[in-house]
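This report describes the surroundings of a bound ligand. The sequence and structure are shown first, followed by an account of the contacts and the shell.

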Amino acid sequence: MLSIVATPIGNLGDITLRAIETFKHCSAVVCEDTRVTGNLLKQLEIPKKELISLHGYSDPQKIERILERLRRGEHLALVSDAGTPGISDPGYALVAKARESKLVIEAIPGPSAFLAALSVSGLPIQHFTYLGFLPLKKGRKTMLESFKTREETIVFYESVHRITRTLEELATVFHDQPNRPIVIARELTKLHEEVIVTTVGELSMIAKKLTLRGEFVIVIGGAQ
Ligand code: SAM
């Protein structure tokens, strides 16, 4: 069986009981970075466990070797560095191949940064679109422009290196819709958690004052 295990996005207290049980009982943990997962298992006091690295660029043969172990009846857990595997993280290819092979897959759900951000945003979340990381070059401008007419809430991830640029671009794109609500969620579940609730009209000012540390989720309210 392959267990898809979500792990904390910053606060160890968010690990689930089922995640701990799965780590204890599986024969190995397939992970993105063995140091990150090794550290998590150590903090959870899980006795030494085999770790198999599977990052975004892992070759198909490596996936095949993992599938072979699953076919032999081993119980493996799949994690990423933080949050839910496959959500803007490696994992999809293995899950897709395991499904093709009709292997048993179970979800051990838990944290995901975009869901945490949506839940505290105060913006309508009956319908939303999650976009992962925005494209860096090709299609970026078109995508940003398309936000103007979307009626549902939009949520996406941004890195500390690009947050200022993205906020400035949003301010430009939305210059004629200054009241569109936007929420910037930084370091969720961590010591320096910060949730800035504002409008795109204020973004240029916010971009100048923003603490440029940590991880960010951006949530934009839909067009009225
Ligand atoms: N798989 C993860 C999930 O389920 O949320 C996402 C992994 S993605 C590579 C990492 C991005 O998620 C970061 O660049 C940031 O945009 C967002 N993120 C992760 N942890 C966060 C946190 N504690 N606070 C705010 N954003 C976070």
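## Polar contacts

In this predicted model, a polar backbone atom of glutamate 158 lies 3.3 Å from an oxygen atom of the ligand. Leucine 188 also offers a polar backbone atom, which is 2.9 Å from a nitrogen atom of the ligand. Glutamate 215 contributes through its side chain: a polar atom there is 3.2 Å from a nitrogen atom of the ligand. The protein buries 90% of the 580 Å² that the ligand exposes when taken alone.

## Site and shell

The largest pocket is where the ligand sits. Around the ligand are 19 residues, and the closest of them are Asp89, Ser112, Ala113, Tyr157 and Phe216. Sorted by class, the shell comprises ten nonpolar, four polar and five charged residues.

## Origin of the shell

Two strands, β7 (153–158) and β10 (216–220), each provide at least two residues of the shell around the ligand.

At the level of domains, at least three shell residues come from domain 1 (2–108), and at least three come from domain 2 (113–220).

Technical notes:
Residues are numbered from 1 along each chain as its sequence is written. This is a predicted model: local features need pLDDT of at least 70, side-chain atom pairs count only at pLDDT 80 or more; totals for chains, interfaces and linings use all residues. Side-chain values use heavy atoms; hydrogens and water are left out. A residue is near a molecule or strand if one of its heavy atoms lies within 4 Å of it. A polar contact is a pair of N or O atoms within 3.5 Å; within protein, one must be able to donate a hydrogen and the other to accept it, and residues adjacent in sequence count only if both atoms are side-chain atoms. Accessible areas come from the Shrake-Rupley method with a 1.4 Å probe; for residues, only the protein chains shown count as cover. On a 1 Å grid over the protein atoms alone, a cavity is a set of points where a 1.4 Å probe fits but cannot get out, and a pocket is an open set with protein on both sides within 12 Å along at least five of seven lines; lining residues have an atom within 4 Å of a point. A molecule sits in a cavity or pocket if more than half of its atoms lie within 2 Å of its grid points. Helices (H or I, at least four residues) and strands (E, at least two) are DSSP runs, numbered from the N terminus. Ala, Val, Leu, Ile, Met, Phe, Trp, Tyr, Cys and Pro count as nonpolar, Asp, Glu, Lys and Arg as charged, and the others, Gly among them, as polar. Domain bounds come from an automatic or database domain assignment.
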